[in-house]
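Got the viewer open and a selection box ready? Let's walk through this one stop by stop.

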Amino acid sequence: PLLSAANEAPFSASAPDGSLEERHPWTDKPLLNERSDFQFVVVTDRTGGHRDGVFEQAVSKINLLRPEFVVSVGDLVEGYYDDPIQSVREWTEFDGMVDALDMRFFYVPGNHDIWSPFSREVWEERFGSSYYHFIYRDVLFLALNSEDGASTTIGQEQARYFVEVLEAHPEVRWTLVFTHKPLWYYDERGSETGWASIQDQLVGRPHTVFAGHRHQYIHYEREGMRYIDLATTGGGSSLAGPAHGRFDHFVWVTMTQ
């Protein structure tokens, strides 16, 4: 027989005595497979003094959890060299870790990934654009490059791109922003990062922003929305503990209707 509630995906079951319509060996709680609901993982800084084995452990645990995909907030390789051989070595190592994931991985650059014209060319040769967006199940994902032409900067072309994306998608059920550096933090301290025009477009829409870079978990609430600066997934850390926001983690995100 077909057993399904109005808001559930179809579920079928059978038993030899045909009794499942009246009695069945499971609870009546809803199935967590609503088409509008999904889960994904955010991984944060691996480098800036990386500790071997931590990111690899995260990959194994993510595979056990089986999210639909994984998004990064940058600092994937150590970088800060203009040696092509070293570049190939470090990116090949990281890509091997990512290949061990059972699901899609979305790259976002940090200052250890893009810091010079050479590193920008390497990124573009391997991955194409350093910023992009996608929509999944009516959720808008924005992947920013906070090192666009200069450190801690979103260039005018990138800012214009995301403003146009946001203007084109006003009715999505949520917007999620991924940026390596917490640009709002630097703006509030007098820097001109290029973030302001994107921030203006986010006001009034449901959104959450994820960043890394500072290797410390800090939760902000801005106009009722969450802005989260993540700790590390193997990057340099004193591991002083939750009271100091210094620990290794990845973030499990569930999107519900």
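Start by selecting strands β3, β2, β1 and β10: in that order, these four strands make an open sheet with mixed pairing. The edges are β3 (104-106) and β10 (250-255), each of which pairs on one side only. Look along the sheet and you can follow its twist, which averages 25° from one strand to the next. Keep in mind that this is a predicted model.

Now narrow the selection to β1 (residues 38-43) plus β10. The two strands pair in the antiparallel sense, with six bridges between them. To get your bearings, pick Phe40, which stands opposite Val253 in β10.

Next, add helix α1, residues 54-65. Helix α1 lies across β1, β2 (69-72) and β10, and runs at about 25° to β10.

Stay here, but switch on the aromatic side chains. Across the whole structure, a search turns up 34 aromatic pairs. One of them is Phe38 with Phe69, a tilted pair with 6.1 Å centre to centre and 35° between the planes. The pair links distant parts of the chain, since Phe38 sits in strand β1 and Phe69 in strand β2, 31 residues apart.

Are these two rings buried or exposed? Phe38 counts as buried because its relative accessible area is 0%, under the 20% cut-off. Phe69 has a relative accessible area of 4%, so Phe69 is buried too.

Now grow the selection outward from that pair. Phe38, Phe40, Phe69, Phe106, Phe134, Tyr136, Phe141, Phe178 and Phe210 form one aromatic cluster. Phe40 is the residue you picked earlier opposite Val253, and here Phe40 turns up as a member of the cluster.

Time for the other sheet. Select β4, β5, β6, β7, β9 and β8, and keep that order in mind: these six strands form an open sheet, again with mixed pairing. At the edges you'll find β4 (132-136) and β8 (218-222), each pairing on one side only. The twist here averages 15° from one strand to the next.

Bring in helix α4 (residues 156-168), which packs on this sheet and touches β4, β5 (139-143) and β6 (174-178). Which way does the helix point relative to β5? The direction of α4 makes about 180° with that of β5.

Then slide over to β7 (residues 207-211) and β9 (residues 225-229). Unlike the antiparallel β1 and β10, β7 and β9 pair in the parallel sense, over four bridges. For a single bridge to zoom in on, take Thr208, whose partner in β9 is Arg226.

Two arginines deserve a stop of their own. Select Arg214 and Tyr185: Arg214 lies over the face of the tyrosine, 3.9 Å from the ring centre. Then try Arg222 with Tyr227, where the arginine again lies over the ring face, at 5.0 Å from the ring centre.

Finally, clear everything and zoom out to the whole chain. The protein has six helices and ten strands. Of its 257 residues, 49% count as buried. If you plot a contact map, take the contacts with a separation of 6 or more: residues 24 or more positions apart account for 70% of them. Turn on the surface for the last view: the accessible area comes to about 13,000 Å², and 51% of that belongs to carbon and sulfur atoms.

Note on methods: Residues are numbered from 1 along each chain as its sequence is written. This is a predicted model: local features need pLDDT of at least 70, side-chain atom pairs count only at pLDDT 80 or more; totals for chains, interfaces and linings use all residues. Side-chain values use heavy atoms; hydrogens and water are left out. Two strands pair if DSSP finds at least two bridges between them. Axes are lines fitted to C-alpha atoms, for helices over the stretch in contact, and angles run from 0 to 180 degrees between N-to-C directions. Contact means heavy atoms within 4.5 Å. Rings of Phe, Tyr and Trp (its six-membered ring) pair if their centres lie within 6.5 Å; planes under 30 degrees apart count as stacked, over 60 as edge-to-face and the rest as tilted. Buried means under 20% relative accessible area, exposed over 50%, partly exposed in between (1.4 Å probe, protein chains only). A charge sits over a ring if NZ of Lys or CZ of Arg is within 6 Å of the ring centre and within 35 degrees of the ring normal. Accessible areas come from the Shrake-Rupley method with a 1.4 Å probe; for residues, only the protein chains shown count as cover.
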